[in-house]
Amino acid sequence: MPKQPAAPAPPPVQPVPPVPLAALLAREDLALRQIAGPPAEAAGVVLHGAHTSEMADPYPYLLGGELLLTAGVHIPAAVGSGTYFDDYVTRIVAAGGAALGFGVAPVHDTVPRALVAACEAHGLPLLEVPPRTTFAAVARAVWQLVERARTAELRRVTEAQQSLAAAAARPNPVPAVLRQLAQRIGGRAVLYGPDGTPIAAAGGVTGAGGAPAVDVPLAALARLLTRRAPATPLATAADTTPAGAHLAAYALGAGRGFVLGVAAPRREPGDHTIASVAAVLLALLTGEQRSGSGAARSAALVRLLLGGAPEEVAPLLGGERWLVVHARPDDHAPDALAAAALGAALGSPLVDLAPGSDVVRILVPAGPETGAETGAETGAETGTGAEPQGGWTLGVSAVVAPREWALADRQAARALARARATRAPLVRHGDRAGLTGLIPQEEAEAHARTLLAPLAPPLTETLRTWLSLHGSWDRTAVALAVHRNTVRQRIARCAALLGTDLDDPDVRMELWFALKQG
């Protein structure tokens, strides 16, 4: 095999939980035997997957971290005393391969001695796969271990989220959150103020010189993040100390200056998620301490409960122009912590998750840049004030005054329904000037009430959604969470009650105009 040029750096490993090679070797049903390389358990060798290849150069087909399985079909018949096996193993190591499994029979009766020597020389664990064990069985065992590790990591993250949320509810929440975070990652957590001074800290890093050894580089990383003046909440930076400790810094809100620093002796798959949850909680806590917004929100709530008008209490909440956002997670039921994290990402602590609901509602102060927002219910990003968030589907209202919060709530609900039906990450309800601007509002509303009087609210909402989705039965069914036959029956009922032909574009236009008034 011609010698290939060495890769400049091993590729990153696959984004799956690592599983110990020793756990795979412990499977008695596979009867695998390590015959070269450092002992799996002592060296801490881990796998991120399994891949079968008979290519002479497997480098282009590896992501890193795999157990590469081969029966040696690619080995030339007259390999002789050349460098074939050394080159082959070199390429596996360069690709980041974790171990090599060689199947005995039907091509080779034994593992070639030169391959054993090459794996020993390069420190690559070599496993002998007996004839009765198929590569499919080995791969299945690896993925079973990966899935088991994934479940364990998910349980660890979930328990950490719950403990952090409980800590945030204690009388002295900031130190409590830091202590829980340090405990959960087995390291150190430090909160830095806007001037870079440590405000509170907890934990230490064993095996890396303890807290003093990581405090200096961690503080430097936090200052670096502060100097960048992050424009988005929870911006991050990472580094590694010479002793091997892993460092990370999280900006607690855009432009506020607080930074969470985290140091751990090793980087576990769930550590970033756990630290991010702590950062969200600390961002909320430090935000209230810095601006007094918590007291202001309490005052606003009391005034509303005692009969104050929305426009009178809105200044206490941070704005005179507002957006209402309805959000739904793409693949899981929302919880209070996820809702708070979404609110922090959108720049507002005014979050509502009603019990039993799968929709999060957020009241967002509209910045100056959102005042010219245009475009009627569209997936295009025509304005700002709320941007798409990974893992969420969003519906965003038009910019409104406080007295129109109820209207904006309905707009956001309809926008979310349309976003789900069209599979768009975000849909905005705009306030584009059109025909409605040519008719006095009172006359338009009176016409709408008269025209739509025969329809009950469920029929009205079905007709509105159906028209907004260009008469698509399937998309309307998705948006309303009903069967398509139910949509057909309701639209037929609308046509009968209105005594009109809903296939007529003029009729549709008039009805849409009327529905826009509500």
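**Entry 1: E404**

I looked up E404 in this predicted model. Is E404 buried or exposed, or in between? Its relative accessibility is 29%, so I put E404 down as partly exposed; buried would need a value under 20%, and exposed one over 50%. I then asked where E404 sits. I found E404 in the loop that runs between strand 16 (392-396) and helix 12 (405-422). I also checked E404 against E311. The two are 93 residues apart in sequence. In space, I get 9.2 Å from C-alpha to C-alpha.

**Entry 2: the whole chain**

I stepped back to the protein as a whole. I count 17 helices and 17 strands. Of its 518 residues, 46% come out as buried. I then turned to contacts with a sequence separation of 6 or more. Residues 24 or more positions apart account for 67% of them.

**Entry 3: the nonpolar cores**

In soluble globular proteins, nonpolar side chains tend to be buried together. I went to the largest nonpolar core here, which has 31 residues. Which of its residues touch the most other members? I noted L164, V177, L178, L181, L252, L260 and L282. Next I listed the elements that each supply at least two residues of this core. The helices are helix 5 (135-168), helix 6 (173-185) and helix 8 (271-291). The strands are strand 8 (188-192), strand 9 (198-203), strand 11 (246-251) and strand 12 (259-264). Helix 8 gives the most, with 9 residues.

I picked L181 for a closer look. Leaving out residues up to four places away in sequence, I find that L181 touches L164, A189, L260, V262, I274, A275 and A278. Apart from this core I found another, of 25 residues. Its members include L30, V45, V138 and V146.

**Entry 4: helix 14 against helix 15**

My last stop was the pair formed by helix 14 (residues 457-468) and helix 15 (residues 473-480). How do they pack? I read an angle of about 130° and axes 9 Å apart. The two helices are therefore oblique to each other. For roughly antiparallel, the angle would have to be over 145 degrees. Their crossing is right-handed.

I then asked which residues make the contact. Helix 14 brings E461, T462, T465 and W466. Helix 15 brings W473, T476, A479 and L480. By type, I sorted the residues of this contact into 4 nonpolar, 3 polar and 1 charged.

Methods: Residues numbered from 1 in each chain as written. Predicted model: local features only at pLDDT ≥ 70, side-chain atom pairs only at ≥ 80, totals over all residues. Heavy atoms only, no water. Axes fitted to C-alpha atoms, helices over the stretch in contact; angles between N-to-C directions. Helix = DSSP H or I, 4+ residues; strand = E, 2+ residues; numbered from the N terminus. Parallel < 35°, antiparallel > 145°, perpendicular 65-115°, else oblique. Left-handed = near helix turned anticlockwise from the far one by under 90°. Contact = heavy atoms within 4.5 Å. Nonpolar A, V, L, I, M, F, W, Y, C, P; charged D, E, K, R; others polar. Buried < 20%, exposed > 50% of the residue type's maximum accessible area, 1.4 Å probe, protein only. Core = buried A, V, L, I, M, F, W, Y, C linked by side-chain atoms within 4.5 Å.
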